Amino acid sequence: MSIKRLRTYVVFGIALLLSSSLFVNSGWAEAEWDVLSFISKKDKDSPIILMNTGGAILERLATDPGVPSQFTWSPNGHSIAYESWHGGNLDIYVMDVRTNEHYQLTFDGNKDRLPAWSPNGKWIAFVSERTGSANIYRMDANGENMRQLTKQEGCRRPAWSPDSQWIAFSSEHALFVMDVRGRQLRELTWATRFTNCSWSPDGKQIAFRSNAANGSSEIFSIDINGKNLRQLTQSNRGERISDPLWSPSGKWIAYIVGLVPAGGAPVDQIRTNGIISVINTIDGADSKSIEATKGLPKQSLQWVPKQFLPVSPSVEKQTTLWGRLKQSENTVK
């Protein structure tokens, strides 16, 4: 299929750099290939870090032009969609990690941000301010067939259901679900100060961050019928929790714990200077902080698609991501 509206930015020097700290810690979810990725603005040459739940850096992914602020993986692991100010406006781009090319998808002139790739690979949902307020839009993965899905104010971070037929999002003080056409809109729960949300891999629950009754920021889960609301975390005084993400195995939820300094600080600063933690989704037990992320500026927490990490590295056998991608060039049509 030809792509008529894309502007291509050929990127020189893009590479997947093998980290010197490639190793696997015992225990937890490493064997299941629950691998996290996030942006660290501390390293402007290779800002996207891939790390297992034991804290081992597996790879650093270079991005150019510029450092993206939010990104999402394609389900096959071949591409990354991200937001960037590269062209002077906040727009959405796609980076093909096999061909080392970047493609611009949005050109409206208003802020287009927070892309979310559908699990079937067909669409990218995102937030746009092109109508004067933040609403959810959907476009084909090549940037064509743009469609506005919501007509509300303050829509935040769309999240796809595993079957790509539903989108969850928050707006004002409620968590909503709608179908892929923007219809069958229904409210799941009301609360204060929602951030992003995440579907469980079986499609039965949604995890989200909101304020608890005592005002603390916590991770909750709720069934898609609006029942069985559960608080999964219990933060300490001065902590602010954000960015819950359900792991591909369905056993864990990752999130960022930030420490609010005396006198307060911007939310983005609290998030980027925090620490990544993971928690058991069954009963909220077995929580674990990934100490390697402490003090490391971070943004846009994402789980890495299993298709991108098909072989678990071990002391006896280590498969680099770059080697896997080079194989893909000869096998993917």
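In this predicted model, F126 and Y137 are both buried. Line up their rings and the centres are 5.7 Å apart with the planes at 25°; planes under 30 degrees apart count as stacked, so this pair is stacked. F126 belongs to strand 11 (residues 123-128) and Y137 to strand 12, so that the pair links distant parts of the chain, 11 residues apart.

The structure has five aromatic pairs by the rule used here. Another of them is formed by Y82 and Y93, which are stacked at 5.6 Å centre to centre, with 15° between the planes. This pair also links distant parts of the chain: Y82 sits in strand 7 (residues 79-84), Y93 in strand 8 (residues 91-96), and 11 residues separate them. Y82 has a relative accessible area of 3% and Y93 has 1%; buried means under 20%, so both qualify.

Strand 12 (135-140) is followed by a loop that runs to strand 13 (147-148), and N142 lies in that loop. With a relative accessible area of 11%, N142 falls under the 20% limit and is therefore buried. Its side chain reaches the backbone nitrogen of E144 at 3.0 Å.

Next comes strand 14, which is mostly covered, as five of its six residues are buried. Strand 14 and strand 15 (residues 166-171) run antiparallel and are joined by four bridges. Within this pairing, R156 has S170 in strand 15 as its bridge partner. The two strands make a hairpin with five residues between them, and S164 in this hairpin takes a positive phi near 65°.

Most residues other than glycine have a negative phi. Besides S164, two further residues depart from that pattern in this model: N228 has a phi near 60°, and S300 also has a phi near 60°. Their surroundings can be set side by side. N228 is found in the loop between strand 20 (217-223) and strand 21 (230-231), whereas S300 lies in strand 26. The relative accessible area of N228 is 43%, which lies between the limits of 20% and 50%, so N228 is partly exposed. For S300 the value is 2%, and S300 is therefore buried.

Further along the chain, four strands form an open sheet in the order 22-23-24-25, with antiparallel pairing. Strand 22 (239-246) and strand 25 (288-289) stand at the edges; each has a single partner strand, so one side of each is left without a neighbour in the sheet. Inside the sheet, strand 23 (residues 252-259) pairs with strand 24 (residues 275-280) in the antiparallel sense over six bridges. One bridge there involves Y255, whose partner in strand 24 is S277.

The largest pocket brings several of these elements together. It holds about 980 Å³ of space. Of the 37 residues that line the pocket, those closest to its centre are W117, P119, L245, Q302 and W303. Strand 6 (70-73), strand 10 (112-117), strand 14 (155-160), strand 18 (197-199), strand 22 and strand 26 (299-303) each supply at least two residues of the lining. By type, the lining residues divide into 22 nonpolar, 12 polar and three charged.

Key
Residues are numbered from 1 along each chain as its sequence is written. This is a predicted model: local features need pLDDT of at least 70, side-chain atom pairs count only at pLDDT 80 or more; totals for chains, interfaces and linings use all residues. Side-chain values use heavy atoms; hydrogens and water are left out. Buried means under 20% relative accessible area, exposed over 50%, partly exposed in between (1.4 Å probe, protein chains only). A polar contact is a pair of N or O atoms within 3.5 Å; within protein, one must be able to donate a hydrogen and the other to accept it, and residues adjacent in sequence count only if both atoms are side-chain atoms. Two strands pair if DSSP finds at least two bridges between them. On a 1 Å grid over the protein atoms alone, a cavity is a set of points where a 1.4 Å probe fits but cannot get out, and a pocket is an open set with protein on both sides within 12 Å along at least five of seven lines; lining residues have an atom within 4 Å of a point. Grid points are joined across faces, edges and corners, and a volume is the space filled by probe spheres set on the points. Ala, Val, Leu, Ile, Met, Phe, Trp, Tyr, Cys and Pro count as nonpolar, Asp, Glu, Lys and Arg as charged, and the others, Gly among them, as polar. Rings of Phe, Tyr and Trp (its six-membered ring) pair if their centres lie within 6.5 Å; planes under 30 degrees apart count as stacked, over 60 as edge-to-face and the rest as tilted.
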